[in-house]
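Biologist: Before I accept any label, I want the rule behind it. Show me the model, then defend your terms.

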Amino acid sequence: MTWLSVSAQDSAIRDAGAQFQLRANLGFMGVWQGTLIPIAQSYTVRIEYFLRRFFPNHTFINPYISVTVIDPPLGAIATRDGVRLPHTYWNERDPDHPQLCLYDPRETEWDPSWSIIDSIIPWISEWLYCFEFWQIDGQWRAPERHPERTPEPCQTNPNPEHHRALPEP
């Protein structure tokens, strides 16, 4: 398994013509920001890619990939008829910007050998498509199996800060 560097991921994203710009390249980490329009609304999305999580005397608790909708802030519209927005990971530090749950970690284990342009960006588009319909009728239009939000860590992000139980609406 050959893991793709930040530069290789960026090259593939640019070659595909995706509307994402590399905002930070630290070698072991890349951050892209771009725009997607799944149906009607435009969304500004940030992708954080951690090629390397393990260092001498330190391990990052971040998943290899995390995705956040920057604009509009989803936390501001995170309930529909008292039902919390599905398929997100709670962000205690910034509740308006939860991380998106794009895949089932029991079925798919994403790692840096996968191309962001061929997996993550299409998955974000599908998530946003489902979100727009969810806002209309409360139905999520994709296969789903997502755990309840509890204090137990999720498999894709073991950081308990991201997975505390949500306050009651």
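Modeller: Buried residues make up 43% of the 169 residues in the protein chain. This is a predicted model, where local features need pLDDT of at least 70 and side-chain atom pairs count only at pLDDT 80 or more, while totals for chains, interfaces and linings use all residues. Residues are numbered from 1 along each chain as its sequence is written, and side-chain values use heavy atoms, with hydrogens and water left out.

Biologist: Why is Asn91 called buried?

Modeller: Buried means under 20% relative accessible area, exposed over 50%, partly exposed in between (1.4 Å probe, protein chains only). Asn91 has 10% relative accessibility, so Asn91 counts as buried.

Biologist: What makes the side chain of Asn91 a polar contact partner for the backbone nitrogen of Arg93?

Modeller: A polar contact is a pair of N or O atoms within 3.5 Å; within protein, one must be able to donate a hydrogen and the other to accept it, and residues adjacent in sequence count only if both atoms are side-chain atoms. The Asn91 side chain reaches the backbone nitrogen of Arg93 at 3.2 Å. A polar atom of that side chain also lies 3.1 Å from the backbone nitrogen of Asp94. Asn91 itself sits in the loop between strand E9 (88-89) and strand E10 (99-100). Helices (H or I, at least four residues) and strands (E, at least two) are DSSP runs, numbered from the N terminus.

Biologist: How do you know that the buried residues of H1 line one face of the helix?

Modeller: The buried residues of helix H1 (residues 6-15) are Val6, Gln9, Asp10 and Ile13. Seen down the axis of H1, they fall within an arc of 100°, so they line one face. The arc is that of the directions from the helix axis to the C-beta atoms.

Biologist: What covers the buried residues of H1?

Modeller: The cover includes strands E1 (20-25), E2 (29-36) and E3 (43-50), and helix H2 (120-137). Contact means heavy atoms within 4.5 Å.

Biologist: Why is the pair of Tyr103 and Trp123 called tilted?

Modeller: Rings of Phe, Tyr and Trp (its six-membered ring) pair if their centres lie within 6.5 Å; planes under 30 degrees apart count as stacked, over 60 as edge-to-face and the rest as tilted. By this rule the count comes to 10 aromatic pairs. Tyr103 and Trp123 are 5.7 Å apart centre to centre, with 45° between the planes, and the pair is tilted.

Biologist: Are these two rings' residues buried or partly exposed?

Modeller: Tyr103, at 15% relative accessible area, is buried. Trp123, at 21%, counts as partly exposed.
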